[in-house]
Amino acid sequence: MKIISVENAVGHVLAHDITRIIKDKEKGPVFKKGHIITKEDVPVLLSVGKKNIYIYEKKEGMLHENEAAVILGKIAKGRCTSLSGPSEGKMTLTATADGIFKVDRERLYKINSLGEISVASRHGNTIVKKGDVLAGMRVIPLVIEEEKMNQASQIGEDIPLFGVRPFKQKKYAVITTGSEVYDGLIEDTFSPVVEGKFNEYDAKLVYKTLCDDKIEMIEDKIEIAHSMGAEVICVTGGMSVDPDDRTPAAIREMSDRVITYGAPVLPGAMFMLAYMEDGTALMGLPGCVMYAKRTIFDLVLPRVMADENVTKEDIYSLGEGGMCLNCGVCTFPNCGFGKGHI
């Protein structure tokens, strides 16, 4: 880059955007890269604190910040995302669908660790809406070695750093267990809570029933729900180690793969997740889901609704960040709950 005073810059072409910031009013480029400076521009440049500007002199083996930002954008852009820019040397990634934001954490770290590169994103495995900003990327200097950007591209390979797994409109069933509910001694206040959670994903309820604590009855109800096309079956209650709580045994018997019985999340330690042979998800929901504002159900359900195969490792990794602080005003998902190493 060649430095030249603003007074002597008339007729030259700007090599980078010039930003103007007015608190609470404006923040953006007053002149864009490629602008030919005129005599009238000089006082404007001075007013934004520019006594000198850079004139870009192209050298072999070096890339301008905008060229580098475009390369980073190609590395970053994945499924259900769109790019805008470069503006002021930065590319911005946004979601084009509602879903779960996915981040390749290991490769993101490697690219940032090259130095002079900044790729910043929101937390992975969190819910995003269409139009949400997901990530921004740029290089730090105005020019950067082409070789360093080649290294970044090699780390990126053909697999994007970011993507969004869109939610599916799934069919679901709710089986509420407990002899006290089944016999009409108390009202079922559990299933309305579960239905409310599913309504956030525009899911379709195909089966809802009450059930005694007998293992055979629970298994029969799961079989009915499955035969009616339920892709997610939630069995509520009966998840503790009490001898009268038979839900885990029934889920285990009806499943092909048990992912977990128990999770490092509070509330939600007694949560159970399993899959039937055809991929139907079976979830055993502990009592906390009924009364706590946010639980493990809020962390796992979005991933199930995005058709993601949740693993044991996914559950184990919830430990850091797995304690809900029960804030007076709940701001979930804009908080630390579930955002350790998910």
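Aspartate 98 counts as partly exposed, because its relative accessibility is 34% and that class lies between the 20% limit for buried and the 50% limit for exposed. This is a predicted model, and the values here are computed from it. Aspartate 98 sits in a loop, between strand E7 (90-95) and E8. Its contacts come from two stretches of sequence. Setting aside residues up to four places away, aspartate 98 touches Val128, Lys129 and Lys130, and also Val164, Arg165, Pro166 and Phe167. Compare its position with that of threonine 38. The two are 60 residues apart in sequence, and their C-alpha atoms are 46 Å apart in space.

Now step back to the whole chain. It has eleven helices and 19 strands. Is the chain spread out or a compact globule? Its radius of gyration is 27 Å, while the globule rule gives 20 Å for 342 residues, so the chain is more spread out than a compact globule. The box around the C-alpha atoms gives the dimensions: roughly 90 × 40 × 30 Å along the principal axes. Even so, buried residues make up 46% of the 342 residues. Contacts across the sequence can be counted too. Of the contacts with a separation of 6 or more, 67% join residues 24 or more positions apart. The chain exposes about 17000 Å², and carbon and sulfur atoms supply 52% of that area.

Next, the interior. The largest nonpolar core has 36 residues. Phe198, Val232, Met283, Leu285 and Phe297 touch the most other members. Several elements each supply at least two residues: strands E14 (171-177), E16 (232-236), E18 (272-275) and E19 (281-285), and helices H6 (191-199), H9 (288-291) and H10 (296-305). Which of them gives the most? H10 does, with seven residues. Leucine 285 shows how one member is surrounded. Beyond its neighbours within four places in sequence, leucine 285 is in contact with Phe190, Val194, Cys234, Val235, Thr236, Gly237, Met239, Phe271 and Phe297. A second core is separate from this one. It has 26 residues, among them Val119, Val128, Ile144 and Phe162. Val128 is also one of the residues that aspartate 98 touches.

Helix H6 also holds serine 191. Serine 191 counts as buried because its relative accessibility is 2%, against a limit of 20%. Apart from neighbours within four places in sequence, serine 191 is in contact with Val174, Thr176 and Lys208.

Two helices show how a buried face can be read. An α-helix has 3.6 residues a turn, so residues three or four places apart point the same way. Take H3 (residues 105-112). Its buried residues are Arg107, Leu108 and Ile111. Viewed down the axis of H3, these fall within an arc of 105°, so they line one face of the helix. Glu106 and Tyr109 are exposed on the other side of H3. The cover over the buried residues includes helices H2 (65-76) and H4 (146-156), and strands E8 (99-103), E9 (117-121) and E13 (162-166).

Helix H7 can be read in the same manner. Its 13 residues (215-227) should span 18 Å at 1.5 Å a residue, and the end C-alpha atoms are 18 Å apart, which agrees. The buried residues of H7 are Ile218, Glu219, Lys221, Ile222 and Ala225. They fall within an arc of 160° around the axis of H7, so they too line one face. Glu216 and Ser227 are exposed on the face turned away from the buried side. What do the buried residues of H7 pack against? The partners are strands E14, E15 (204-211), E16 and E19, together with helix H8 (247-254). Just after the helix, the chain reaches glycine 229, whose phi is positive, near 90°.

Finally, look at aspartate 314. This residue lies in helix H11 (residues 312-316). Is aspartate 314 buried or exposed? Its relative accessible area is 17%, so it counts as buried, under the 20% cut-off. Not counting residues up to four places away in sequence, aspartate 314 touches Arg303 and Asn309. Isoleucine 218, one of the buried residues of H7, is 96 residues from aspartate 314 in sequence. In space, their C-alpha atoms are 27 Å apart.

Notes:
Residues are numbered from 1 along each chain as its sequence is written. This is a predicted model: local features need pLDDT of at least 70, side-chain atom pairs count only at pLDDT 80 or more; totals for chains, interfaces and linings use all residues. Side-chain values use heavy atoms; hydrogens and water are left out. A nonpolar core is a set of buried Ala, Val, Leu, Ile, Met, Phe, Trp, Tyr and Cys residues joined through side-chain atoms within 4.5 Å. Buried means under 20% relative accessible area, exposed over 50%, partly exposed in between (1.4 Å probe, protein chains only). Helices (H or I, at least four residues) and strands (E, at least two) are DSSP runs, numbered from the N terminus. Contact means heavy atoms within 4.5 Å. The expected span of a helix is 1.5 Å times one less than its number of residues. The arc is that of the directions from the helix axis to the C-beta atoms. The radius of gyration is taken over C-alpha atoms; the globule rule is 2.2 Å times the number of residues to the power 0.38. Accessible areas come from the Shrake-Rupley method with a 1.4 Å probe; for residues, only the protein chains shown count as cover.
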